[in-house]
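User: I'm new to reading protein structures and I'd like to learn how to do it. Could you walk me through one, feature by feature?

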Amino acid sequence: MSTVVLRDLTRRFGNVTAVDRLNLEIESGELVAFLGPSGCGKTTTLRMITGLLLPTSGDILFDNKSIITIPTEKRGAVMVFQKHLLFPTMSVGQNVGFGLKMQGVAKQEIERRVDEMLELVKLPGFAKRRAHELSGGQQQRVALARALVVRPKVLLLDEPLANLDANLRLEMRELIRSIQRELGITTVFVTHDQEEAVMLADRIALMFDGVLQQYDVPHSFYQRPKSTRVAHFFRNDNLLKGTRRGNYIETPLGRLSVDPLHVAQGEGDVLVTVRPEDVQLKPNLADSNCIEAKVLLQVYMGTHTQIQLDVAGHTWLVHGPADLQVQVGETIPIQLPQARIWLLPSA
Ligand code: ATP
């Protein structure tokens with residue numbers, strides 16, 4: 001187990017800056033997800049941590065010591081890839097024990113640790129099977145066992161679930177989380193799936209275009225996004241222009257009150273946002289923060305009804321109950337609960 005610190009970490013490929021001055025601290029035993037759209041620099045960062053790629057500039061520290069000049073095999077970081085690269089002609093046991101054999105560990109000790117790992121990834125008794133006789137999910141679990149058997153300081157997972165079907169992904173997510181908790185191993189997990197990051201991670205590092213946008217606990221990406229871009233990535237495009245004056249926001253639809261403890265933007269122009277699931281559709285009109293909106297579209301989703309609203313020229317998405325009765329074209333009152341209002345920078 002090890003702390004991991006990235007300091008001004010930068011990697012360029014010709015004109016492309018794949019990772020741009022990345023600063024990040026990962027605590028020992030923490031599971032951090034690198035999240036972001038394709039090409040944002042997640043894999044490049046992981047490859048630099050593992051030593052497969054040299055940074056253009058910046059530093060990487062394990063337990064406060066720079067590891068930049070230490071070769072991959074001596075760093076104590078192991079990587080599990082999207083495609084499980086098992087040795088096809090070897091048995092499962094030989095695959096899992098390969099790293100230990102390279103380290104010169106005694107045969108009996110290898111067998112003991114391999115069995116222990118296969119137990120952990122829920123493949124007991126699979127040691128004698130050939131790798132090509134396994135399903136995709138089983139192969140991925142063998143790849144995980146092979147990475148963990150050498151007791152790495154840091155585990156790096158590069159979209160390890162991307163090739164699995166939906167049910168298997170869910171199962172593997174739970175397995176990875178429980179193993180990670182049990183072993184307390186510092187883990188970095190790369191994904192472009194926002195839901196996966198939220199389910200698995202202690203903290204999420206969201207990157208766009210090689211630049212870290214927000215590093216936070218999952219809940220904050222929903223309730224306290226740093227920018228409209230971050231909010232959009234977490235499926236919230238509900239915006240209303242306003243100007244903050246003290247504990248009030250002046251908007252084209254009237255004055256809203258905000259809880260100063262719940263907002264981070266100062267005085268002046270802001271964008272008001274409330275998540276689709278937090279907008280109240282049956283407000284008590286005597287309550288504060290009630291505004292009017294026009295229904296543009298209504299879609300029954302089975303578990304709930306999704307409606308599109310025109311809110312002062314902005315299109316908002318709101319989730320209502322499955323039996324919601326509204327008409328397209330109708331103007332309805334909605335409430336923006338004070339504790340659910342978040343303010344974003346206007347620029
Ligand atoms: P994905 O989710 O698609 O795997 P990613 O976030 O992991 O994407 P990276 O693979 O880190 O993104 O790539 C970041 C940027 O660096 C991209 O623009 C990519 O084209 C570029 N890049 C990555 N590796 C190389 C390379 N070896 N040579 C040139 N450009 C590269």
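Analyst: We'll go through helices, strands, salt bridges and cysteines in turn. Keep in mind that this is a predicted model.

User: Let's start with a helix. How many residues does helix 6 have, and how far does it reach?

Analyst: Helix 6 covers residues 166-183, which is 18 residues. From its first C-alpha to its last it reaches 26 Å, close to the 26 Å expected at 1.5 Å a residue.

User: Which residues of helix 6 are buried?

Analyst: For burial, look at relative accessible area: under 20% is buried, over 50% is exposed, and anything in between is partly exposed. In helix 6 the buried residues are R169, M172, R173, L175, I176, R177, I179 and Q180.

User: And what covers those buried residues of helix 6?

Analyst: Several elements do, including strand 3 (31-35), strand 7 (154-158) and strand 8 (186-191). Among the helices, you'll find helix 4 (107-120), helix 5 (136-148) and helix 7 (194-200) there too.

User: What follows helix 6?

Analyst: G184 does, and its phi is positive, near 60°. Helix 1 gives you another case: G51 follows it, with a positive phi near 100°.

User: While we're on helix 1, how many of its residues are buried?

Analyst: Helix 1 spans residues 42-50, and 7 of its 9 residues are buried, so by the under-20% cut-off it's mostly covered. The buried ones are K42, T44, T45, L46, M48, I49 and T50.

User: Now strands. How do strands of a sheet pair?

Analyst: They pair through backbone hydrogen bonds, either parallel or antiparallel. Strand 9 (residues 203-208) shows you both: it pairs with strand 3 in the parallel sense over 4 bridges, and with strand 10 (residues 211-216) in the antiparallel sense over 5 bridges. To see individual partners, find A33, which stands opposite I204 in strand 9. Then look at A205, whose bridge partner in strand 10 is Y215.

User: How many residues lie between strand 9 and strand 10?

Analyst: There are 2, and the two strands form a hairpin. In the turn, D209 has a positive phi of about 50°.

User: Are the faces of strand 9 covered or open?

Analyst: Both faces are covered. On one side R203, A205 and M207 are buried, and on the other I204, L206 and F208 are. Put as a count, 6 of the 6 residues of strand 9 are buried.

User: What about the sheet that has strands 15 to 18 in it? In what order do its strands come?

Analyst: Read across it and the order is 17-16-15-18: 4 strands, antiparallel pairing, an open sheet. Its edges are strand 17 (314-321) and strand 18 (331-335), each pairing on one side only. From one strand to the next, the twist averages 50°. Zoom in and you'll see 6 bridges joining strand 15 (residues 290-300) to strand 16 (residues 304-311). One residue to find there is K294, which stands opposite D310 in strand 16.

User: Next, charges. How many salt bridges are there?

Analyst: Here's the idea first: side chains of opposite charge can pair when their charged atoms come close. In this model the count comes to 15 salt bridges. Take R169 and E196, whose closest N and O atoms are 3.0 Å apart. R169 lies in helix 6 and E196 in helix 7, so the pair ties together parts that are 27 residues apart in sequence. R169 is buried at 18% relative accessible area, and E196 is buried at 2%. The two also belong to a network of salt bridges that links R169, R173, D193, E195 and E196.

User: Is R21, in its salt bridge with D20, buried or exposed?

Analyst: R21 is exposed, at 57% relative accessibility. Its partner D20 is partly exposed at 22%, and their side chains meet at 3.0 Å, N to O. Try R255 and E250 as well, which meet at 3.1 Å. There, R255 is exposed at 52% and E250 is partly exposed at 28%.

User: Last one: how many disulfides does a search find?

Analyst: A disulfide is a covalent bond between the sulfur atoms of two cysteines. A search of the whole structure finds 0 of them. You can still practise reading burial on cysteines: C40 is buried at 2% relative accessibility, whereas C290 is partly exposed at 25%.

Definitions and conventions. Residues are numbered from 1 along each chain as its sequence is written. This is a predicted model: local features need pLDDT of at least 70, side-chain atom pairs count only at pLDDT 80 or more; totals for chains, interfaces and linings use all residues. Side-chain values use heavy atoms; hydrogens and water are left out. A disulfide is a pair of cysteine sulfur atoms within 2.5 Å. Buried means under 20% relative accessible area, exposed over 50%, partly exposed in between (1.4 Å probe, protein chains only). The expected span of a helix is 1.5 Å times one less than its number of residues. Contact means heavy atoms within 4.5 Å. Two strands pair if DSSP finds at least two bridges between them. Axes are lines fitted to C-alpha atoms, for helices over the stretch in contact, and angles run from 0 to 180 degrees between N-to-C directions. A salt bridge is a side-chain nitrogen of Lys or Arg within 4 Å of a carboxyl oxygen of Asp or Glu.
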